[in-house]
Amino acid sequence: MVRIRPHARCTCPLLVLLAVSCTGKLGMPRTSDGDDAADDNPPEGGDDDGGQGGGGGSARCQPTVDMPRVPVGRLTNAQYVASVKALTGISPSPSLHLAAEAGVHGFETHTAAQTPSFGVVEAFQGYAAAVAARVNPATIAPCLESSMAGCEEPSLRAFLTRAFRRPPSSPELERYVRFHREAQARHGAADAARMVVEAVLQSPQFLYKLELGGGGSDGSAVARLTGFELATRLAFFLTGGPPDEVLLARAGEGALDDLGEVRQQAMRLLHSPPGREAVASFHERWLHLGAVRDITKDDGKHPGFAAARPDLARS
């Protein structure tokens with residue numbers, strides 16, 4: 001696990017703050033004159049005490065904050081289904097099954113509830129195979145079924161960028177190009193393209209929200225999120241699905257280094273239909289509103305409650 005230095009300041013709106021946290025020189029003690037001390041040895045552990053910003057736009061989070069370690073989170077079933085649909089166009093159906101998942105205080109995103117098991121791995125494998133059998137590769141990676149010279153690599157790069165929510169590294173791209181060519185030689189173009197789709201839908205880069213940071217050269221244990229990692233965190237937190245083309249493009253341009261752009265993209269996501277659904281789902285889980293469906297009352301004392309209960313649960 002790595003420790004993350006996210007982008008935003010403590011003056012962000014609550015939802016954006018939860019998604020991207022604070023910035024500044026974290027884990028650094030203050031000197032007697034108020035300046036930040038060097039962070040050659042940032043402290044380990046500690047509470048995530050973000051402090052309170054003062055008045056005005058220049059307020060920053062207190063620099064003595066020590067950020068907690070960020071565990072690697074796996075996509076929840078709902079996030080996986082949304083990601084598969086965004087990538088392949090395949091919607092969930094009764095023939096597509098995933099393993100039942102547990103939650104912590106109503107939230108499946110808690111990593112404590114994401115311990116992998118044979119059943120979980122087998123379910124993802126089965127889902128990926130079923131989707132690959134139904135997908136038309138020509139609609140998502142056209143050149144995978146083509147023998148046109150020079151077409152395969154750009155097509156795979158574009159497909160992997162959408163799947164991994166970031167551009168693939170050179171070794172990653174080379175691995176999938178080699179896998180596709182070997183599969184094509186043995187099984188033909190159509191099956192090879194579907195095998196690539198099936199492999200990608202089970203890859204760690206697709207299944208997990210990996211946050212490795214920008215690889216700072218100062219030797220610090222704290223790493224700054226890359227633009228693509230921030231885009232992924234924003235999208236899954238605010239919409240329950242992967243970053244769209246606009247957000248990925250802004251990340252690739254480096255625009256998410258600007259706090260104003262982060263706020264603008266966050267508000268765009270929140271006002272989208274998936275964003276509104278995600279906010280409603282968050283409050284339903286947070287306040288345990290689903291329990292309303294199980295409430296019973298004495299019909300003699302509370303006439304009409306049973307008939308009104310479905311509407312209460314929906315509202």
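What volume does the largest cavity have? It comes to about 50 Å³. Keep in mind as you look around that this is a predicted model.

## The chain as a whole

Let's start with the big picture. The chain has 315 residues, and buried ones make up 39% of them. Its secondary structure comes to 13 helices and five strands.

How does the chain fold back on itself? Take the contacts between residues at least 6 apart in sequence: 61% of these join residues that are at least 24 apart. On the outside, the chain exposes about 16,900 Å², and carbon and sulfur atoms supply 55% of that area.

## The cavity

Back to that cavity of about 50 Å³. If you set the bar at 30 Å³ or more, the structure holds one cavity.

Which residues line the largest cavity? You'll find Arg 74, Asn 77, Leu 98, Ala 99, Ala 100, Glu 101, Val 120 and Phe 124 there. Sorted by class, this lining has five nonpolar residues, two charged ones and one polar one.

## Helix α2

Asn 77, one of the cavity-lining residues, also belongs to helix α2, which covers residues 77–88. This helix has twelve residues, and from its first C-alpha to its last it reaches 16 Å, close to the 16 Å expected at 1.5 Å a residue.

Which residues of α2 are buried? They are Asn 77, Gln 79, Tyr 80, Val 81, Ser 83, Val 84, Leu 87 and Thr 88. Just after the helix comes Gly 89, with a positive phi of about 85 degrees.

## The second largest pocket

Helix α2 turns up again here. The second largest pocket has a volume of about 170 Å³, and α2 gives the largest share of its lining, three residues. Two other helices, α5 (152–164) and α10 (245–252), also supply at least two residues each.

So who's on the list? From the stretch covered by α2, the lining includes Ser 83, Ala 86 and Leu 87. Ser 83 and Leu 87 are also among the buried residues of that helix. Further along the chain, the pocket is lined by Arg 162, Ala 163, Arg 165 and Phe 206, and then by Pro 242, Pro 243, Asp 244, Glu 245 and Leu 248. By class, the lining of this pocket divides into seven nonpolar, four charged and one polar.

## Putting it together

If you want one element to follow on screen, try α2. Its residue Asn 77 lines the largest cavity, while Ser 83, Ala 86 and Leu 87 line the second largest pocket.

Terms used
Residues are numbered from 1 along each chain as its sequence is written. This is a predicted model: local features need pLDDT of at least 70, side-chain atom pairs count only at pLDDT 80 or more; totals for chains, interfaces and linings use all residues. Side-chain values use heavy atoms; hydrogens and water are left out. On a 1 Å grid over the protein atoms alone, a cavity is a set of points where a 1.4 Å probe fits but cannot get out, and a pocket is an open set with protein on both sides within 12 Å along at least five of seven lines; lining residues have an atom within 4 Å of a point. Grid points are joined across faces, edges and corners, and a volume is the space filled by probe spheres set on the points. Ala, Val, Leu, Ile, Met, Phe, Trp, Tyr, Cys and Pro count as nonpolar, Asp, Glu, Lys and Arg as charged, and the others, Gly among them, as polar. Helices (H or I, at least four residues) and strands (E, at least two) are DSSP runs, numbered from the N terminus. The expected span of a helix is 1.5 Å times one less than its number of residues. Buried means under 20% relative accessible area, exposed over 50%, partly exposed in between (1.4 Å probe, protein chains only). Contact means heavy atoms within 4.5 Å. Accessible areas come from the Shrake-Rupley method with a 1.4 Å probe; for residues, only the protein chains shown count as cover.
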